[in-house]
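I opened this notebook page to look up how aromatic rings are arranged in a structure, and how far the residues that carry them are covered. The entries below follow the order in which I looked.

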Amino acid sequence: MKEKIAEYIKDIQATSIEKFQDKAAEVEQFRIKYLGKKGLISDLFEQFKTIPNEQKKEMGQALNQLKVAAQNKIEEFKNFVEESQELNNYSDLTMPAEFAQLGSRHVLSVVMNEICDIFARIGFTVAESVEIEDDWHLFSALNFPPDHPARDMQDTFFVEKEEGRQEVALRTHTSSVQVRVMEHSKPPIRIIAPGRVFRNEAISARAHCIFHQVEALYVDKKVSFSDLKQTLLYFAKEMFGEQTQIRLRPSYFPFTEPSAEMDISCNICGGKGCNICKGTGWLEILGCGMVDPNVLQACGIDPNEYSGFALGMGVERMAMLKYQIRDLRLYFENDLRFLKQFESII
Ligand code: DAH
């Protein structure tokens, strides 16, 4: 047994990986030969059981030496195989680097950032708030009458709507941010509030239950309708080009008085009439008006001292008009063929 152990150790030490053809496979064969379940070393351990007790100490030590020698050799072989594989991977240093796939911003984020930037240039700061809102901030403080259809389950996703309890809903518009800001700050207030809104609508090319809005609010002493008009004209020209014209049509929103809707001259046909503007030469883009004195009052701002204007727009619609996107559903499907078309805009 002693001679066998010495012979194996000698063999192991003499084995060189250089001679292996298929290195990884032969290293494995080598391992099985010595350390496998039916390998040479376990064979010796079997025999070890039968030797006289007085020889056990010496043999045991020798056997362990053999085992360690085999393990060390295998470790050395494995390192060698690994290193040579790594070297192989880099053997052609002229190879082009692997192409790194870069993501890009979603077109809605791009447009939302652009709107915020345009308003930031005239002193508006970004305000953000919660997406789950209570009745006060969504409707009551904004002067919605108790029987307004927006308070109906058919239009709004309610989280809690129980008799005698505070109603809680997913916000249906970013106008709620106006209330949150006015409650907590003193005029002058100049904020822009981008965010996600939710409405109980069936999903189609023209409607979605989740979409985005940007709201703007300006409250100070002597803010007038002409301030609003000038801000709107500035915004339209920055967003859609210097040649853009605007027109205001009277409208109604509970929280503004007077209220208006703003159209821009069609940026596709330049106002001549096309199928995008349905032959009218104008595109409707946002709602606006002077903040209703009831709203200022509800938010703790004295309407006799201060006045303000507010406006709100849909981001999906802005992006549709700017990039001629025909179907709202495209924004949320994450189809790379769609998303990649906006890679070059930041
Ligand atoms: N909140 C309105 C909506 O969701 C949009 C809006 C209209 C916001 C007029 C305003 C405004 O601030 O003055 O349809």
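Before reading any accessibility, I noted the cut-off I need: a residue is buried under 20% relative accessible area, exposed over 50%, and partly exposed in between. I also noted that this is a predicted model.

I then looked up the ring pairs, and the count comes to 15 aromatic pairs. For Tyr218 and Phe309 I found ring centres 5.5 Å apart and planes at 75°, and because planes over 60 degrees apart count as edge-to-face, I entered the pair as such. Tyr218 belongs to strand S6 (residues 210-220) and Phe309 to strand S10 (residues 307-314), so this pair ties together parts that are 91 residues apart in sequence.

Next I checked both partners against the cut-off: Phe309, at 0% relative accessibility, counts as buried, and Tyr218, at 17%, counts as buried too.

I went on to Phe253 and Phe255, whose ring centres lie 5.9 Å apart with the planes at 25°, so I entered this pair as stacked. Here I had to keep the two residues separate, since Phe255 is buried with a relative accessible area of 10%, whereas Phe253, at 22% relative accessibility, counts as partly exposed.

Beyond single pairs, I looked for a grouping of rings and found that Tyr8, Phe20, Phe30, Tyr34 and Phe77 form one aromatic cluster.

My last entry concerns a charge over a ring: Lys56 lies over the face of Phe48, at 5.6 Å from the ring centre.

Terms used
Residues are numbered from 1 along each chain as its sequence is written. This is a predicted model: local features need pLDDT of at least 70, side-chain atom pairs count only at pLDDT 80 or more; totals for chains, interfaces and linings use all residues. Side-chain values use heavy atoms; hydrogens and water are left out. Rings of Phe, Tyr and Trp (its six-membered ring) pair if their centres lie within 6.5 Å; planes under 30 degrees apart count as stacked, over 60 as edge-to-face and the rest as tilted. Helices (H or I, at least four residues) and strands (E, at least two) are DSSP runs, numbered from the N terminus. Buried means under 20% relative accessible area, exposed over 50%, partly exposed in between (1.4 Å probe, protein chains only). A charge sits over a ring if NZ of Lys or CZ of Arg is within 6 Å of the ring centre and within 35 degrees of the ring normal.
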